[in-house]
Amino acid sequence: MKSRIREFDSSTLNESVRNTIMRDLKAVGKKFMHVLYPRKSNTLLRDWDLWGPLILCVTLALMLQRDSVDSEKDGGPQFAEVFVIVWFGAVTITLNSKLLGGNISFFQSLCVLGYCILPLTVAMLICRLVLLADPGPVNFMVRLFVVIVMFAWSIVASTAFLADSQPPNRRALAVYPVFLFYFVISWMILTFTPQ
């Protein structure tokens, strides 16, 4: 009887909405810290969620959105295009990982790939600020440097979590699509110019 009472008390059904939101925000913040300071840890894999990746994907898509009225002629990615590229790419990498014999679950892989977009989202924010200055070769070189550093950071952070989940003889085959995935996102960030 005491175990049932203890189980009922630890249930989140009795928790207030404010406590639930604060608990989830703290969990997302801890996962952001794991990406900012990548180290081999199972915390990101064990307690997976898709809130952080969703927030990062929406933020990145909104920042890549052009400001022009006539969206058909601006040539830049639209919100839905960025959203589909990110999620389709993450699903493809996850399926590749599973087919190569990885011992990570589908949603754990999506969680890691999504959270590791954080450095690229920061790169997009910095590039938007740099683009407020006069365009020119120095402006482009600053953006190029920022995107390359954040691209490398995303690769290091994601491989710190995903590399151990693959058989040793197939790690390169699992990391190569991750490299391409973050490269495409980095390319969209680098080639962004507001109208």
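The questions and answers below go through the helices, contacts and burial of one chain in a predicted model.

Q: How many helices and how many strands are there in the chain?
A: Read along the sequence, the chain follows the pattern α-α-α-α-α-α-α-α-α. In keeping with that pattern, the count for the chain is zero strands and nine helices.

Q: Are helices H4 and H5 roughly parallel, roughly antiparallel, roughly perpendicular or oblique to each other?
A: Helix H4 spans residues 51–64 and helix H5 spans residues 79–99, and their axes come within 8 Å and cross at roughly 140°. Angles over 145 degrees count as roughly antiparallel, and those from 65 to 115 as roughly perpendicular, with the rest outside the roughly parallel range being oblique. The crossing of the two helices is right-handed, and because of their angle H4 and H5 are oblique.

Q: Into how many nonpolar, polar and charged residues does the contact of H4 with H5 divide?
A: On the H4 side the contact includes Pro-53, Leu-54, Cys-57 and Val-58, while H5 contributes Phe-79, Val-82, Phe-83, Val-86 and Trp-87. The residues of this contact divide into no charged, no polar and twelve nonpolar.

Q: How are helices H7 and H8 oriented to each other?
A: The axes of H7, residues 118–130, and H8, residues 137–162, come within 8 Å and cross at roughly 170°. Since angles over 145 degrees count as roughly antiparallel, H7 and H8 are therefore roughly antiparallel.

Q: How many charged residues are there in the contact of H7 with H8?
A: Residues of H7, among them Pro-119, Leu-120 and Ile-126, meet residues of H8 that include Asn-139, Arg-143, Met-150 and Ser-154. The residues of this contact divide into 13 nonpolar, two polar and, for the charged group, one.

Q: Is Ser-97 buried or exposed?
A: Ser-97 is found in helix H5, and, leaving aside its neighbours within four places in sequence, it is in contact with Gly-102, Ile-104 and Gln-166. A residue counts as buried when its relative accessible area is under 20%. Ser-97 has a relative accessible area of 7%, so Ser-97 is buried.

Q: What part of the exposed area of the chain do carbon and sulfur atoms supply?
A: Buried residues make up 39% of the 195 residues in the chain. The chain exposes about 11500 Å², and the part of this area supplied by carbon and sulfur atoms is 68%.

Key
Residues are numbered from 1 along each chain as its sequence is written. This is a predicted model: local features need pLDDT of at least 70, side-chain atom pairs count only at pLDDT 80 or more; totals for chains, interfaces and linings use all residues. Side-chain values use heavy atoms; hydrogens and water are left out. Axes are lines fitted to C-alpha atoms, for helices over the stretch in contact, and angles run from 0 to 180 degrees between N-to-C directions. Helices (H or I, at least four residues) and strands (E, at least two) are DSSP runs, numbered from the N terminus. Angles under 35 degrees count as roughly parallel, over 145 as roughly antiparallel, 65 to 115 as roughly perpendicular and the rest as oblique. A crossing is left-handed if the near helix is turned anticlockwise from the far one by less than a right angle, and right-handed if clockwise. Contact means heavy atoms within 4.5 Å. Ala, Val, Leu, Ile, Met, Phe, Trp, Tyr, Cys and Pro count as nonpolar, Asp, Glu, Lys and Arg as charged, and the others, Gly among them, as polar. Buried means under 20% relative accessible area, exposed over 50%, partly exposed in between (1.4 Å probe, protein chains only). Accessible areas come from the Shrake-Rupley method with a 1.4 Å probe; for residues, only the protein chains shown count as cover.
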